[in-house]
Amino acid sequence: MSATVAKLIEGVGQADAMIALYDPAGLILFANPAFRRAFFLGPDERIDWVSMMRRNHAHRRGPIVSHDDFEVWLSSSLSRRGKVPSLSIETDMHDGTWLHIVEQTLPDGHILFTALDITRLGESERALRQERDIALKSASTDPLTGLSNRAHIMELLGCRITALQAGRSTDTAAMLIDLDHFKQVNDRFGHVAGDQVLQAFARTVRAGLRTCDAFGRIGGEEFLILFPDQGIADAETAVGRLRDKVREVSVIATQPDFRIDFSAGMTMVRADDTVSTVYTRTDRALYAAKAEGRGRLKLAG
């Protein structure tokens with residue numbers, strides 16, 4: 001743990017605060033006893049955020065999930081974690097307590113988590129604040145997949161450009177994805193199956209990304225991924241792993257042998273870019289990938 005992070009943790013100040021530090025991939029590097037009690041971690045256990053939330057949800061303990069579909073809730077939560085400098089939410093816990101949580105994303109992508117028990121707040125005030133948090137989350141979320149919606153992923157791209165221009169960020173690779181032959185899925189199996197394909201694709205890709213990576217649905221079968229602090233070579237390697245995972249997954253419940261693939265266009269974000277210029281370059285590269293036979297990645301010139 002760096003001296004800077006140690007000072008941040010020490011500076012939280014409240015002895016009863018729950019404190020944890022995550023690396024950019026979501027692995028817990030440090031957690032104090034109060035955090036470990038609240039989230040059911042062993043004294044020396046190191047685990048990533050997704051695995052911790054899955055385990056606690058399965059045992060009906062820790063935070064109460066506010067969505068009927070856990071996977072959609074998980075994707076929606078990951079669409080915001082580590083993407084903005086500070087994230088503040090409030091949540092009910094299965095033991096009846098109510099937490100105020102703040103996550104600070106540090107310049108190097110680490111996430112500092114702090115939480116306080118605010119159960120003593122009045123019930124009406126708590127309800128109003130929870131409604132506010134749900135509304136804010138819904139406004140940035142694609143309802144089918146739980147990913148960032150178009151407006152939110154474009155906003156995150158704009159933030160990466162601004163950070164690059166201000167010298168607060170290093171390289172960011174942007175990749176535009178389109179599922180191959182998706183219209184045939186709807187025509188052959190119906191729109192319900194098409195929705196299942198989109199949801200399965202979103203779950204599979206999200207599980208293969210780091211917490212700091214941003215993933216959003218542009219519309220239809222088109223998606224955008226942002227890889228902060230990665231050059232083209234590292235991003236290409238990540239895309240290869242994602243493609244292997246996608247090709248392995250059964251995406252339609254009634255068609256267990258059916259598989260999908262995707263085409264993609266990639267570019268590096270530049271300091272003189274706008275959201276529009278990044279999207280245009282990736283779109284042209286995506287078009288070239290499809291023209292060359294689909295199922296491949298093309299880099300923007």
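This passage describes the secondary structure, the two sheets and one pocket of a predicted model.

Residues are numbered from 1 along each chain as its sequence is written, and side-chain values use heavy atoms, with hydrogens and water left out. Because the model is predicted, local features need pLDDT of at least 70 and side-chain atom pairs count only at pLDDT 80 or more, whereas totals for chains, interfaces and linings use all residues.

The chain contains 10 helices and 10 strands, these being DSSP runs (H or I of at least four residues for helices, E of at least two for strands) numbered from the N terminus. Of its 301 residues, 50% are buried, a term that denotes under 20% relative accessible area with a 1.4 Å probe and protein chains only, against over 50% for exposed and values in between for partly exposed. Among contacts (heavy atoms within 4.5 Å) between residues at least 6 apart in sequence, 57% join residues at least 24 apart. The accessible surface, computed by the Shrake-Rupley method with a 1.4 Å probe, comes to about 14400 Å², and carbon and sulfur atoms account for 52% of this area.

One open sheet consists of five strands in the order E2-E1-E5-E4-E3, with antiparallel pairing, where two strands pair if DSSP finds at least two bridges between them. Strand E2 (28-31) and strand E3 (86-92) stand at its edges with a single partner strand each, so one side of each has no neighbour in the sheet. The twist from one strand to the next averages 20 degrees, angles being taken from 0 to 180 degrees between the N-to-C directions of axes, which are lines fitted to C-alpha atoms (for helices, over the stretch in contact). Within this sheet, strand E4 (residues 98-105) and strand E5 (residues 111-117) run antiparallel and are joined by seven bridges, and Ile101 has Ala115 in E5 as its bridge partner.

Another open sheet of five strands follows the order E7-E8-E6-E9-E10, and its pairing is mixed. Its edges are strand E7 (214-219) and strand E10 (297-299), each of which has a single partner strand, so one side of each is left without a neighbour in the sheet. Here the twist averages 20 degrees from one strand to the next. Strand E9 (residues 262-268) runs parallel to E10, to which three bridges join it, and Gly265 stands opposite Lys298 in E10. Helix H9 (residues 232-248) packs on the sheet, where it touches strand E6 (172-179), strand E8 (222-228), E9 and E10, and its direction makes about 165 degrees with that of E9.

Strand E6 is joined to E8 by seven bridges in an antiparallel arrangement, with Ala173 paired to Phe227 in E8, and E6 also pairs with E9 in the antiparallel sense over seven bridges, with Ile177 opposite Ala264 in E9. Eight of the eight residues of E6 are buried, so this strand is largely enclosed by the rest of the structure. In a regular strand the side chains alternate between the two faces of the sheet. Both faces of E6 are covered, with Thr172, Ala174, Leu176 and Asp178 buried on one side and Ala173, Met175, Ile177 and Leu179 buried on the other.

The second largest pocket holds about 590 Å³ of space and is lined by 24 residues, of which Lys83, Pro85, Thr105, Arg160 and Ala163 lie nearest its centre. A pocket is an open set of points on a 1 Å grid over the protein atoms alone, where a 1.4 Å probe fits, with protein on both sides within 12 Å along at least five of seven lines, and lining residues have an atom within 4 Å of a point; its volume is the space filled by probe spheres set on the points, which are joined across faces, edges and corners. Helix H6 (150-165) and E8 each supply at least two residues of this lining, and H6 gives the most, with five residues.
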